[in-house]
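Here is a short report on the contacts that hold one protein chain in its fold. Look at the model first, then read on.

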Amino acid sequence: RAAMAARAALLLLLLMAAAAPGPARGSQGDREPLYRECLSRCERQNCSGAALRHFRARQPLYMGLTGWTCRDECKYECMWLTVRLYQQGGHRVPQFHGKVRGAPGGAGRGPPVPSDPHPVPSQWPFSRFLFFQEPASAFASFLNGLASLVMLLRYRAAVPPAAPTYPTCVAFAWVSLNAWFWSTVFHTRDTALTEKLDYFCASAVVLHSVYLCCVRTLGLQRPALISIFRAFLLLFLAAHISYLSLVRFDYGYNLVANAAAGMLTVAWWLRWCLRQGRRLPHVWKCAAAVLLLQALALLELLDFPPLLWVLDAHALWHIGTIPLNVLFYSFLVDDSLYLLKANSDLFKV
């Protein structure tokens with residue numbers, strides 16, 4: 001009951017934090033005088049009075065339902081006008097819609113701060129498909145979620161609930177499904193709310209990965225230790241979300257925190273796999289999934305305008321993780337069945 005109450009409180013905190021005001025936006029493209037003049041003119045001509053009513057009357061229903069406003073349309077059209085003129089002049093394609101840190105709670109507004117030591121993400125221009133703002137990343141996130149769902153169903157069909165790691169693996173699958181859902185939503189429609197839900201749910205997956213690793217490698221023999229560690233991770237996640245929501249939405253800190261937890265999980269899993277490799281032949285799946293995931297993360301270091309204005313490095317990273325979901329869940333199935341058999345044999349003895 002205490003664990004359920006803690007999770008319910010954490011879910012409430014996540015929803016409240018996601019509803020908090022978001023950071024202001026700014027980037028090279030947003031600062032371009034041509035873009036700003038185009039945006040101002042478009043809004044004056046189309047986003048008030050009879051012109052706004054005409055816009056709403058001819059706007060497709062699916063665009064209105066997904067929150068695309070007249071101002072959003074103006075930003076989209078002016079973005080492409082700016083990109084075309086940059087290309088005609090032989091200049092590098094600019095990025096748009098970057099986030100600017102403000103006062104606590106994201107309330108601050110103003111121009112970008114060049115001296116900020118932690119750069120914040122801007123976006124390359126993407127060609128919209130229907131209401132999908134980043135079609136390739138949204139579709140890849142959906143496929144990752146679908147792969148997680150299929151493997152969750154396969155896990156539950158193959159592994160009896162009596163397996164020692166069954167509750168932890170099933171919980172990990174649901175946390176991952178939730179994260180991929182919000183990743184799909186965020187890449188479909190980037191707003192302050194969807195961005196926070198994407199970031200916070202991704203952090204939950206990272207920390208649950210640490211927890212899953214701890215349960216498998218230490219917790220089966222030390223249940224008291226795993227209870228303490230679980231409470232620590234829940235408190236850390238609550239503090240992480242609170243800081244980003246109530247103090248400052250710091251992209252640099254968020255990146256470092258998640259990267260540190262991810263590297264801890266990688267080192268922990270690999271050390272365990274090396275020690276158990278001869279005794280447990282299925283651990284190669286875990287080692288391969290972990291190493292390949294880190295290799296794919298290098299794609300995030302690439303920074304190039306989207307191919308065909310659709311496929312960027314982040315989308316490639318999401319595409320690459322789809323088969324890794326299948327591989328890692330296959331390891332969880334094999335390992336859970338091994339533990340179930342080992343416990344059964346011990347009971348017989």
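## Cysteines and their partners

C273 is buried, with a relative accessible area of 6%. Buried means under 20% relative accessible area, exposed means over 50%, and partly exposed lies in between (1.4 Å probe, protein chains only). This is a predicted model: local features need pLDDT of at least 70, side-chain atom pairs count only at pLDDT 80 or more, and totals for chains, interfaces and linings use all residues. Residues are numbered from 1 along each chain as its sequence is written, and side-chain values use heavy atoms, with hydrogens and water left out.

Why does C273 form no bond with C286? The closest cysteine sulfur to that of C273 is in C286, and at 3.7 Å it is too far for a bond. Another buried cysteine is C169, at 3% relative accessibility.

Other cysteines do pair up. A disulfide is a covalent bond between the sulfur atoms of two cysteines. Here a disulfide is counted when two cysteine sulfur atoms lie within 2.5 Å. The structure holds 3 disulfides. The table lists them.

| Disulfide | S to S distance | Citation |
|---|---|---|
| C38 and C78 | 2.1 Å | first row |
| C42 and C74 | 2.1 Å | second row |
| C47 and C70 | 2.0 Å | third row |Take C38 and C78. C38 sits in helix α3 (residues 33-46) and C78 in helix α6 (residues 70-88), 40 residues apart, so this pair links distant parts of the chain. Helices (H or I, at least four residues) and strands (E, at least two) are DSSP runs, numbered from the N terminus. The torsion about the S-S bond of C38 and C78 is about -80°, so this disulfide is left-handed. Both cysteines, C38 and C78, are buried.

C42 and C74 are joined by a disulfide. C42 lies in helix α3 and C74 in helix α6, so the pair ties together parts that are 32 residues apart in sequence. The torsion about this S-S bond is about -75°, so the C42 and C74 disulfide is left-handed. Both C42 and C74 are buried.

A disulfide also joins C47 to C70. C47 lies in the loop between α3 and α4 (49-58), while C70 is in helix α6, so parts 23 residues apart in sequence are tied together. The link of C47 and C70 is left-handed, with -85° about the S-S bond. C70 counts as buried, at 7% relative accessibility.

Which pattern do the disulfides follow? Counting bonded cysteines along the chain, the pattern is 1-6, 2-5, 3-4.

## Charged pairs

Side chains of opposite charge can pair when their charged atoms come close. A salt bridge is a side-chain nitrogen of Lys or Arg within 4 Å of a carboxyl oxygen of Asp or Glu. By this rule the count comes to 7 salt bridges.

One of them joins R41 and E37, at 3.6 Å from N to O. R41 and E37 are 4 residues apart in helix α3, which separates them by about one helical turn. R41 is partly exposed, at 33% relative accessibility. E37 is partly exposed too, at 41%.

R189 forms a salt bridge with D72, and their closest N and O atoms are 2.5 Å apart. R189 lies in the loop between α8 (166-188) and α9, and D72 lies in helix α6, so the pair ties together parts that are 117 residues apart in sequence. Are R189 and D72 buried or exposed? Both are buried.

K285 and D334 also meet in a salt bridge, at 2.6 Å from N to O. This pair links distant parts of the chain: K285 is in helix α12 (residues 283-297) and D334 in helix α13 (residues 313-348), 49 residues apart. K285 counts as buried, at 14% relative accessibility. D334 is partly exposed, at 28%.

## Rings

R189 has another contact. It lies over the face of W68, at 4.0 Å from the ring centre. The charged end of R128 also sits over the ring of W68, 4.7 Å from its centre. A charge sits over a ring if NZ of Lys or CZ of Arg is within 6 Å of the ring centre and within 35 degrees of the ring normal.

Rings also pair with each other. Rings of Phe, Tyr and Trp (its six-membered ring) pair if their centres lie within 6.5 Å; planes under 30 degrees apart count as stacked, over 60 as edge-to-face and the rest as tilted. The structure holds 21 aromatic pairs. Among them is the edge-to-face pair of Y199 and Y251, with 5.8 Å centre to centre and 85° between the planes. Y199 is in helix α9 (residues 192-219) and Y251 in helix α11 (residues 251-276), 52 residues apart, so the pair links distant parts of the chain. Y251 counts as buried, at 5% relative accessibility. Ring pairs also link F172, W269, W272, F328, Y329 and F331 into a cluster.
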